[in-house]
Amino acid sequence: MKKKVTVQTSAKKIVLETDKGVNLLHLLRENNINVTSPCGGNRTCGKCKVKVKEGRDKLTGPKLKLLTEDEIRMGYRLACALTIIDDLEIELLEEGKLEIVTEGVEFKIDFNPPLKVHKLLDYESDEENTLSHLDILYRETSTDNIDLALLKEIPEIAEEKEVSLLKYRNKIISLNKGSIKKVFGLAVDIGTTTVAVYLINILTGEGLDVASFHNPQKRYGADVISRINYVQSDNEKLKEMQGVLITGLNQGIKDLCSHNRLESSDIYLMTVVGNTVMSHLLLGINPASLARAPYRPIFTNSLEISPFEIGLEINRRGIVQVLPAVSSYVGSDIIADLLVTDFSSEQWNLLIDIGTNGEIVLGNKRQLLACSAAAGSAFEGANITFGTAGVPGAISSFAITEGGEFSYETIATEPPVGICGSGLIDLVAEMIKNDILTGTGMFNENPAENILNKIKTYQGMKALEIVEVDSTAINRPILLTQKDVRELQLAKGAIAAGINILLKEAGILYQDIEKIYLAGGFGSFIKPSSACKIGLLPKDMEDKIIKIGNGAGLGARNYLLDKTQREKTTSLLARIEYLELSLRKDFQEEFMKSMEF
C-alpha cells in the first residue's frame, strides 16, 4: 500500500506518494526537492534535518547521535536516516539565501568578441555593379562553415533588401532578414557550492545582469567526492545529477531573460568554467576515474558544443565554450583566474582558490607550478557542528576583547544561525591569540579566568560557547567543538602543505613571493590577518594579499568577449606543470607540520 508524504516548504505544500520502506532523503531527491546534505546521505554530518509534524517513524542510532534530546522531542529527524513506514507530514527547515560573490577586481577586457554581425549591404563589388545578395551569400557560404539548415534558408532571404550574417569565428550561425540587433552571451562559473551566470551584450561588451544560486547538486553531497560516489557505475544517477544542474542553469537563464526583456533565442554564446568534476557532470560524462588512481579525467581540453546536446535553453544554433582544465583537480576555473591575474613578470606570485578543493598556482613569466589540496568542506561550514553556508545569520567575523567579551557580526545582521567559513577562521585565530587553544589545536587546560564560563562540554568533548541560546535564531547555543578545530586543522593543513611543496619545487622562500591572489567566494570574505594567524596562508604576508573576488567568473567573461584569450589559454596550459601531491613522498610530512598552529 502506498504511503503519502506531505512536504511543507517555505512556499508551498507538496504531496508525494511512495512505497513503504523508502528512505526520505532519496524520495526528496527523486522529486527535485532540495534539502541540505553535505555528506551525501552517509549519516555523518547531521545537516539534513526535517521536522516531522504528523506520522510515525523509527528512531535509529545516527539520529540519536547527531540530534540533541530537545530536537528529538520537538520532532526533528535526519532525512537520510528516516525510513517511511506511515503517512507523514514533514516541514523542511528554511534555507537562507546564500551570499554569493559575483564581483571581482577591476580588469580591462579587450573588446574583440568571436561573435560578429556582418551586414551584406556593407559589401561592395570591385565591378561596376554591386553584387546581388545571392552572389554575396554564395561567396560567404563557400568560404565559411555553415550547416545544412542555414543553407536551406538562403533562397528565402536572397532577394531581401538587407541581409545580416552572425558569425562565430569562421562559422556562420545565423542568417537574418534586416539587421541583427540582439546578440547576447553568458559567462558561467559552476562552483561546487554556488553557480554564477553573467549576462553580457556581445555587441557592446556591456555586462547587464547576473543570476547566482546554490549549485542544486549539493543535495548529493557538499564535496566533489560525494558526488562522484553517487554517480559512479550508475548512468541513471549521472543523468539525474546532470539534469538538476541543467534545470538550475535554465531557470537562471529564464530569470535573466525575463528581467532584461530578452528571448532565450537572443543568447548565442555561453562560456563555462568550473572545476574538472563540475565540467564532467555538466556534460553528462561520468567522473568516476577522478576518484581512483591514477586520477585521470576523461577530458581536459577545451570543447565547443551545441547547447541542445546537453539541454541548455539558448539559441538553437548557439555555441557553448567549455574552457580547458589542467588536471583532475585543477580545473578551468583556475585557468579563468589566470586570465585576470598577472604572472607575466620575473616576480613570483601565488594564486589560491580556497574551497572544498584548494587549487594553488605558484609562478612567474617563465614557470607555472600547480597543485590541488583536498581541503574538505570545513571552509563551507559543512563538517562543522554548528557550521552553515554564507546565509543571513551566519557568523562571518569574530573577535575577543581584552576583557574577554565576545563580539561577532552576522551576514545581513540577522540573529545567529551558525558559523560560516570566514567566521570559523576568525574564531580559531582569536582562540589561539587568547590561549584558549594550544599550538597543537587542543583546548588549553588552564584558560584565562574570564573565559572559563564559556568552556562547555558538548557530546563528550570540550567546546567554546560562542552565542548563548537566547541570542540565536535556532533555539540553542552555538558552540565550536574540539572536533571542529580538528576539521579546520585538516583543511588548512592541506592548503598550507600544498603551498610549501610548490615553494620547495620552485626553490624559493615565502619572502620571494610578490603577490598572493585569493580567488573565490570564501577567499573574498576571510580576514587576511586571521588566515595568517592560523597558518592557512604564509606568516607575515598580509600586505601582499590581493582579493580578486570571483576571478573565475571574470575570466569567463574575458574569454567570452576577447577571442584572443583562446590563444592565451593555450599558452598558459603549455607553461603549467602539475604536481600530484598524493604521489609526493614529502606531502605527509608537510601536511603534519602544517596542521600545527
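I call a residue buried when its relative accessible area is under 20%, exposed when over 50%, and partly exposed in between (1.4 Å probe, protein chains only).

**Ground rules**

I'm working with a predicted model, where local features need pLDDT of at least 70, side-chain atom pairs count only at pLDDT 80 or more, and totals for chains, interfaces and linings use all residues. Residues are numbered from 1 along each chain as its sequence is written, and side-chain values use heavy atoms, with hydrogens and water left out. When I write helix or strand, I mean DSSP runs numbered from the N terminus: helices are H or I with at least four residues, strands are E with at least two.

**Entry: salt bridges**

I started with charged pairs. My rule for a salt bridge is a side-chain nitrogen of Lys or Arg within 4 Å of a carboxyl oxygen of Asp or Glu. How many salt bridges are there in the whole structure? I get 15.

I looked up Glu590 and found a salt bridge to Lys593, with the closest N and O atoms 3.8 Å apart. Both sit in helix H17 (residues 587-594), and because they are three residues apart there, about one helical turn separates them. Is Glu590 buried or exposed? Glu590 counts as buried, at 8% relative accessibility. The pair also belongs to a network of salt bridges that links Lys504, Glu505, Arg584, Asp586, Glu590 and Lys593.

Next I checked Asp426, whose side chain meets that of Lys527 in a salt bridge (3.5 Å, N to O). Asp426 lies in helix H10 (residues 421-433) and Lys527 in the loop between helix H13 (520-525) and helix H14 (528-533), so this pair ties together parts 101 residues apart in sequence. The two partners get separate notes on cover: Asp426 is buried at 2% relative accessibility, and Lys527 is partly exposed at 36%.

Then I turned to Lys462 and Glu445, whose side chains meet in a salt bridge at 3.6 Å, N to O. Lys462 is in strand E22 (residues 461-467) and Glu445 is in the loop between H10 and helix H11 (449-452), so the parts tied together are 17 residues apart in sequence. I have Lys462 down as partly exposed at 30% relative accessibility, while Glu445 is exposed with a relative accessible area of 61%.

**Entry: cysteines**

I searched the whole structure for disulfides, meaning pairs of cysteine sulfur atoms within 2.5 Å, and found zero. Why does Cys532 not bond to Cys371? Cys371 holds the closest cysteine sulfur to that of Cys532, but the two are 18 Å apart, which is too far for a bond. Cys532 itself is buried, at 10% relative accessibility. I looked up Cys257 as well, and it counts as buried at 5%.

**Entry: strand E17**

I went to strand E17 (residues 368-374) and found it mostly covered, with six of its seven residues buried. For pairing, I ask that DSSP find at least two bridges between two strands. Strand E16 (residues 357-363) runs antiparallel to E17, and seven bridges join them. Leu362 stands opposite Leu369 in E17, and a hairpin of four residues joins E16 to E17. E17 also pairs with strand E26 (residues 576-578), in the parallel sense and over three bridges. There I noted Ala370 opposite Tyr578 in E26.

**Entry: cavities**

A cavity here is a set of points, on a 1 Å grid over the protein atoms alone, where a 1.4 Å probe fits but cannot get out, and lining residues have an atom within 4 Å of a point. How many cavities of 30 Å³ or more does the whole structure hold? I count two.

The largest has a volume of about 40 Å³. Its lining includes Thr192, Tyr329 and Asn357, and by class I get three nonpolar, four polar and no charged residues. The second largest has a volume of about 30 Å³. Among the residues lining this second one are His280, Phe299 and Pro324, and its lining divides into four nonpolar, five polar and no charged.

**Entry: one loop residue**

Last, I looked up Lys161, in the loop between helix H5 (148-157) and strand E7 (163-168). Lys161 is exposed, at a relative accessible area of 74%. From Lys161 to Ile334 I have 173 residues in sequence and 48 Å in space, C-alpha to C-alpha.

Methods: On a 1 Å grid over the protein atoms alone, a cavity is a set of points where a 1.4 Å probe fits but cannot get out, and a pocket is an open set with protein on both sides within 12 Å along at least five of seven lines; lining residues have an atom within 4 Å of a point. Grid points are joined across faces, edges and corners, and a volume is the space filled by probe spheres set on the points. Ala, Val, Leu, Ile, Met, Phe, Trp, Tyr, Cys and Pro count as nonpolar, Asp, Glu, Lys and Arg as charged, and the others, Gly among them, as polar.
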